[in-house]
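Here is a short note to help you find your way around the model. Please keep the sequence and the 3D view open beside it as you go through the points.

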Amino acid sequence: MTSETNMTSETNETAPWEPKIIAFLCTWCSYAGADLAGVSRFQYPPNIRIVKVPCSGRVSENMILSALKSGADGILVSGCHPGDCHFISGNMFARRRFPLLSNLLEFVGIEPGRVSFSWVSASEGEQFAEIVKTVTERVKALGPATRLIKKIDQAA
Amino acid sequence: MPKGSVLVVGGGIAGVQAALDLANSGFLVHLVERTAAIGGKMSQLDKTFPTNDCSACILSPKLVECGRHMNINLLSLSDLVSLDGEPGNFRAVIRQRPRYVDPNKCIACGLCAEKCPKKVANDYNMGIGKRKAAYLSYPQAVPLKYAIDPAHCIWIKKPGRCGMCAKICPAGAISFDDQEKDHVLEVGSVVLAPGFSRFNPSSLDFTGYGRLPNVVTSMEFERLLSPSGPCMGHLERPSDGKEPQRIAWLQCVGSRDIHRAGNPYCSSVCCMFALKQAVISMEHAHGEFEPSIFYMDMRTHGKGFENYYNRAKEQGVRFHRARVHSIIPADDQGNLKVRYVDQQGKVNFEEFDMVVLSTGLQPYRHMIELAAMLKLELDADNFIKTDSFNPVASSRPGVYVCGAASEPKDIPQSVMEASAAAAEAGRILAPVRWSETSKKQYPMEMDIHAQPPRIGVFVCHCGINISSVVDVAAVSAYAGNLPDVVFSQTNLFTCSQDTINQMINIIKAEKLNRVVVASCSPRTHEPLFQETLRDAGLNQFLFEMANIRDQDSWVHQHEPAKATAKAIDLVRMAVARVRGEGALPYNTVPVTKSALVIGGGVSGMTAALTFADQGYPVTLIEQSDMLGGNGRKVFRNWKGDAILPYVTDLSAKVTSHPQINVKFNCEIKDVAGSVGKFSTTFSDGQSFEHGVAVMAVGGEPYKPEGKWQFLHGSNANVHTLLELDKRFIDQDASLKKIKQAVFIHCVGSRIPERPYCSRVCCTHAVDSAIKLKELNPDMDIFMLYRDIRTYGQRERLYQEARGKGIIFINYDLDRMPQVEEENGQLIVKAHDPIIDAHVTIHPDMLVLATAIQPRQQSGKNLAKFFKCAIDAQGFLLEAHMKLRPVDFATEGVFLAGLCHYPKSIEESIAQAKAAAARASIILAHDVVPAESITAEVNRAKCTGCGLCVEVCAYNAVSLDENGLSVVNTSMCKGCGNCVAGCRSDAVTLKNVGNEQIMAAVDAAFCDE
C-alpha cells in the first residue's frame, strides 16, 4: 500500500485539517441509533466512517491499534447499554477491555480522548448525533494523530 | 376439506401485507388489484410520519417480494365480481380488464409511452402533469409492465388511426385485441383491503380549490414534494413554478364537518400528515420558510406523534387554532389571503404563497358497490362494518377486512389489521396449509472458489434522498476505477423491481462474484439484495452495503462536498470488505411448534387463542391469579358494548382450550435459545420449549401525583376514569344524584416527563361524561381539555357530548386548572379562552383522565430476557414503527397491546392477532434460517487457554479432548466476542474476521 496517498494530508494543503474518525458500531443498538439519527435528520460532522460489527464485544484491542496505525485520528466504539446487549453480555466484555487498552494507549503516548467508548441504543438517534459532535470536537482539539503512523510520504 | 388458498382484494399496503403474511404461512394467495399496479396510496407518499422514512423506500421491498413471490398470483386491472359459497369453500369470479400489453412480452423499455401521441392527466400524480395513454403508473410499479388506457387510446377508440406503440414496441407486446377475462377461483377465505378515497374539496367554495391554482390538496402536495412527482422533488407552486416560502395547511377539510361535507368522523391521519409535510417542506426550502397549520384540535395520538408535534413547534411550524372562513386571491401574482377567526372571535387576515387542504379520508364509491355485491353491512359513514371485538371480521363469515376501508386509519394500524386479517383468514384453513403452494427453487450457486474477485457496485439516488446531497455519479465513477470492480452504475431506486431484475442480469452477464450496494441501511434492505444475489446464482453472503443515506446524505444535508467525499470513502470501504468475503452455508434450526404468550390480558388471551385454534400448543403465563388484566376494569368500549362480559367469555375460552396451558402467579426466570428454539424457565422451576414468543405484558394507569394530583386520594369525590368505570360496572345508583361533574384531560400525559398522548383517554372521558348524562340528563358536566382527540369515528361521541350540553373548556400547561376544597366541597378554577375569563365550578365529582404508562417492573425486565428494545418512555420498541408494528428486531419475538403503546381494546385485539399471525409464519415452517456468520477456530494457532469458552454467552465454544477450542456452529450466534477475546488470534468470525474489518478500516484512509 506504499503508493497510496493519504487523504488526510491531501486535504491539508487546500482546506483546514479535518480529522477522520473510525466508529465501530454494534449492529443491534448503535448502528440502528445512527440510522435513526439519519431518519430524524439530526445533523452531525461528516468526519466519522462507520464500520458495522455484530457486537461491541467483537471489537478487539488489535482492531483499535490497527486503525490508529492506518491513520485514524480518533476511534469511537459504541455498543448497547449495559444489560441491553443483543448478545447477552458482549458489551460488558467490551467495557472491561476498554480501560485496559486506554492505559496501554496512554503508556505509548496516545492522548486520552482519541479513543472513546459509548452506549447508544436503537432509539437514541439524537444522542448518537451529540456523541459524534463531542467526539469530533475532542479529536479536532487534539490535532492529527501521528504517533502510530509510519510517515511514508516524508520518507519517500 | 377447505381450500388452501385465500383471495385478497386490494393491493395497497394493507392488501400487500395480508398477502405476504398468508403466502409466507403456507397459503396460495390471489391478490386482486383494481389498477395496473399494486402499491396503493402509500406508493404516492413522499415521506411517512413519524420517522420521515422515504415511503417508496420502505414500501418497495414489500412490493418486490409480492411481485416475485411463488405463492402470490397477482391479478392487476381486476375486480371481484361475484362470491358464492361459504367459509372454507368460496367460489370467486375475478374480471380482469384488458391491459392491451402482453405482460409476458413487455420488457418495460418505455418506448410505447415515449411515442404515444396522446397526453392525459397523470392520475398517479393526482392529475398534476401529463402521462401518455400508454403508461406505467410509477417508476417502481409492480408488476413492471406498461398498460394502455382504453379511455384515451386513439386506436382503441378508432381502430386504424394511430398504433404508434405497436409499431415501435421491440418486443411485439402491444395487443389491441386483448379481451376482458373472467378468472374463477376457489378459495378458502377472503380478505378485503379496498382502501379509501380522499374528499374532493371542489364542493367547498370557500377554499377556492379548482379556481385558485395555488390551493392544492394534501395528496397533490405530497406529489409535489416527491422525487418521483411532477417537479422531481423541487417544491414549486402550480401557478408560476416559484418556490413557496409561506404555506398554510387547513385541517379537517371534509372531516369533522356535518354541514358542508357531510363527513362527521375525524380522518385520524391528517394532523400528522400536515405536520410531516410542514417539516419536510422546511427541509426542501432553500431560504426562509414559514409553515402555518390552521387546526381545530391537533390529533397526534399515535406512537412517537406527540414528540414529532413538539419538535415541529421547536423547528418553527406555526399553529393557529382556528377555522378558516375563506381563501381569496391576495394579488394577481398567485398569492393567497386567508381569512380566519381566532379563538377570541377576532377576524384576521394572513397572506400565503400556497395553501394545502388536508382533505379527509372517505370510502371509495366502488368499495360501497363491492360491499353491496358481497352483502356486507356498512356503518353510518359507509365504511365496512366490523365486529366490536373482532375488528377485522365483516358481517359475512369468512370475509375479513383490513385497512382504511373499515375506518380511517394510519399505515401501522392498517398493517396490524392486515396481519390480523391474515390470522383470521388462515385460522380455519390451518389443516390445509401448504396444500396449494409451490416451493421456491434457487438456481445452482456459482462456485467462486479460486476465482479472482469481480465486484459490481450499484449506487442509489434513492429518488433525491441521496442525490440531492451526494454526487452519486461521481461516487459511481470513482467506484468503477477501484481494483477488482468490474461494473458500476447508478440507479434511481435500487430496490425497485426493474432494478432488481436488471441486477440479476448484470450479475450473470458480468460474471460478478461480489456485490456492493451503496444506498440506505442494511438493516432494512440487506435481505432484499441478498435474495437477489441468490436469484442470480450467487451466495448471498458475498454482499456488502455502503450506507450513504441514513448515515451520510441525511445527516450532512448542508455539506454536499464532504458528504460526497464520505460516500466515496464508504464505498471504498465496502468494496475492501466484500473483497475478502467468501460463500457461507445456509444454516437452519428446526422449529419447536409451540408458542409462549406472556401476559393474560385481552391481548395475551387473544394471541394465545389464535395460536391454539391453529393447533399449536401454547403456554400463557400471567403474573396475577386472574386472566383479564386491564380489560376487567373498563366499563364499555367506544361503540357502547360492555367489556366485562367479553373478557369473562374470553377467559373461559382460554382456560378450557385443550391446547392452552395457563400458569398463574408466574414469572420468567430465564430464557435460553433463539428463534425456532427457545427454552424458558418459570418462577415455579418448570421450563417450556417454544419456537416463538408474544409479549403482551400490558400497561398500567398513572397514579396522579404532584401538580397532577388534584386532591386525588385525599378527597373522596376525585376519581380516575377507571375508578368511575368501577362505579358504572357496579351500577352505583348514587351517580344519578350528582349535579355537577368536571373532567380534567391529559393528567400525566403530554408533559415533559411523559411526552406522549395516551390515545384513549379523550374518548374514554367523553364517553363517561355521556354515560353520566344518560344517568342524569340534568347534570352539568365540564370537560377541561388540551386537544380533544376522539380520532376516527369516535368523533361522533364528541358531537353527541356537545349535543347533550356538555361544556368543553380548553386549557394549556401555562394555565393549568386549579383544584381546591372547602369543607370537603371541591372547587375547580379554570380559564376559559373563548370568553377570556376565569371560571369557578363547584362540582360534586372530579374525574381525572390519567395517562397509561408501561409497567415499570415487568416490561423492562422481560424485555431483557428476550433482548427486545424499549423506547425512552419504557414502551417496547417494535422493529419498524411503520411497517413492522408487531415484530421485534429480535427474531421470533412479537408484541401486542398496551406494552407497545396506549390503545383501545379493539386495537389491542387486532395487534394481538397480528402478532400471532406473524409468529405463525415461523411455526408454519419446519426449519428457520439460523446464523451463517459463525465463529471458527484455527487449531494450529489455538493454545487451549479457554478464554473463548469463558466469554461465550451461548455455551457454543468448548475445549475438546485435545484441549483445543471447538465451536458448536448450531449454538453460535456470531457475536464475535470469542474472536476479540482470543489472545493468539486463533478464532475468527466468518466474513467478519480481522481480515475483512481491517481491510475496510485501511480503505478509509487509502485512496486506492
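1. Does V472(B) count as buried or exposed? The model is a predicted one, and V472(B) is a good place to begin looking at it. With 24 C-beta neighbours inside 10 Å, against the 20 or more that a buried residue needs, V472(B) counts as buried.

2. Let us stay with that residue for a moment. V472(B) belongs to helix 11 of chain B, which covers residues 472-480. Neighbours within four places in sequence aside, its contacts are V459(B), H461(B), I466(B), S467(B) and T490(B). You can also look for T564(B): this residue is 92 residues away from V472(B) along the chain, and their C-alpha atoms are separated by 7.7 Å.

3. Next comes the nonpolar core. In general, nonpolar side chains tend to be buried together in soluble globular proteins. The largest nonpolar core here holds 378 residues, and the members that touch the most others are V191(B), A518(B), V571(B), V694(B) and M695(B). Helix 22 of chain B, residues 905-923, gives the most to this core, with 12 residues.

4. M695(B) is worth a click of its own. Not counting residues up to four places away in sequence, M695(B) touches I598(B), L862(B), F866(B), C868(B), L876(B), V893(B), L895(B) and C899(B).

5. Helix 22 of chain B comes up again in the helix packing. As a rule, two packed helices are described by the angle between their axes and the distance between the axes. Helix 10 of chain B (residues 411-427) packs on helix 22 of chain B at an angle of about 65 degrees, and their axes are 7 Å apart. Angles of 65 to 115 degrees count as roughly perpendicular, so helix 10 of chain B and helix 22 of chain B are roughly perpendicular to each other. The crossing of these two helices is left-handed.

6. Which residues of helix 10 of chain B meet helix 22 of chain B? From helix 10 of chain B they are M416(B), E417(B), S419(B), A420(B), A422(B), A423(B) and E424(B). On the side of helix 22 of chain B, they meet A910(B), Q911(B), K913(B), A914(B), A916(B), A917(B), R918(B) and S920(B). By class, this contact has eight nonpolar, three polar and four charged residues.

7. Helix 22 of chain B also packs with helix 16 of chain B (residues 602-613), at an angle of about 35 degrees and with the axes 8 Å apart. Helix 16 of chain B passes helix 22 of chain B in a right-handed crossing. Among the residues making the contact are V602(B), T606(B) and F611(B) of helix 16 of chain B, and I905(B), I909(B) and A916(B) of helix 22 of chain B. By class, the contact has eight nonpolar, five polar and one charged residues.

8. Helix 10 of chain B has a further partner to look at, helix 1 of chain B (residues 13-24): their axes come within 8 Å and cross at roughly 40 degrees. That angle makes helix 1 of chain B oblique to helix 10 of chain B. The crossing is right-handed. Residues in the contact include I13(B), A14(B) and L22(B) of helix 1 of chain B, and I411(B), V415(B) and A425(B) of helix 10 of chain B. By class, the contact has 10 nonpolar, four polar and two charged residues.

9. Now turn to chain A, which has six helices and five strands. Along the sequence, chain A follows the pattern β-α-β-α-β-α-β-α-β-α-α. Of its 156 residues, 55% count as buried. Among contacts in chain A between residues at least 6 apart in sequence, 82% join residues at least 24 apart.

10. One residue to try in chain A is L68(A), in helix 3 of chain A. L68(A) counts as buried, because 23 C-beta neighbours lie inside 10 Å. Residues up to four places away in sequence aside, L68(A) touches I75(A), I110(A), A145(A) and L148(A). The C-alpha atoms of L68(A) and C80(A), 12 residues apart along the chain, are separated by 24 Å.

11. Finally, how many residues does each chain bring to the contact between chain A and chain B? Chain A brings 47 residues and chain B brings 51 residues. On the side of chain A, helix 2 of chain A gives the largest share, six residues. By class, that side has 23 nonpolar, 17 polar and seven charged residues.

Technical notes: Residues are numbered from 1 along each chain as its sequence is written. Chains are lettered from A and ligands numbered from 1 in the order in which they are written. This is a predicted model: local features need pLDDT of at least 70, side-chain atom pairs count only at pLDDT 80 or more; totals for chains, interfaces and linings use all residues. A nonpolar core is a set of buried Ala, Val, Leu, Ile, Met, Phe, Trp, Tyr and Cys residues joined through C-beta atoms within 7 Å. A residue is buried if 20 or more other C-beta atoms lie within 10 Å of its own, exposed if 12 or fewer, and partly exposed in between; C-beta atoms are placed from the backbone. Helices (H or I, at least four residues) and strands (E, at least two) are DSSP runs, numbered from the N terminus. Two residues are in contact if their C-beta atoms, placed from the backbone, lie within 7 Å. Ala, Val, Leu, Ile, Met, Phe, Trp, Tyr, Cys and Pro count as nonpolar, Asp, Glu, Lys and Arg as charged, and the others, Gly among them, as polar. Axes are lines fitted to C-alpha atoms, for helices over the stretch in contact, and angles run from 0 to 180 degrees between N-to-C directions. Angles under 35 degrees count as roughly parallel, over 145 as roughly antiparallel, 65 to 115 as roughly perpendicular and the rest as oblique. A crossing is left-handed if the near helix is turned anticlockwise from the far one by less than a right angle, and right-handed if clockwise.
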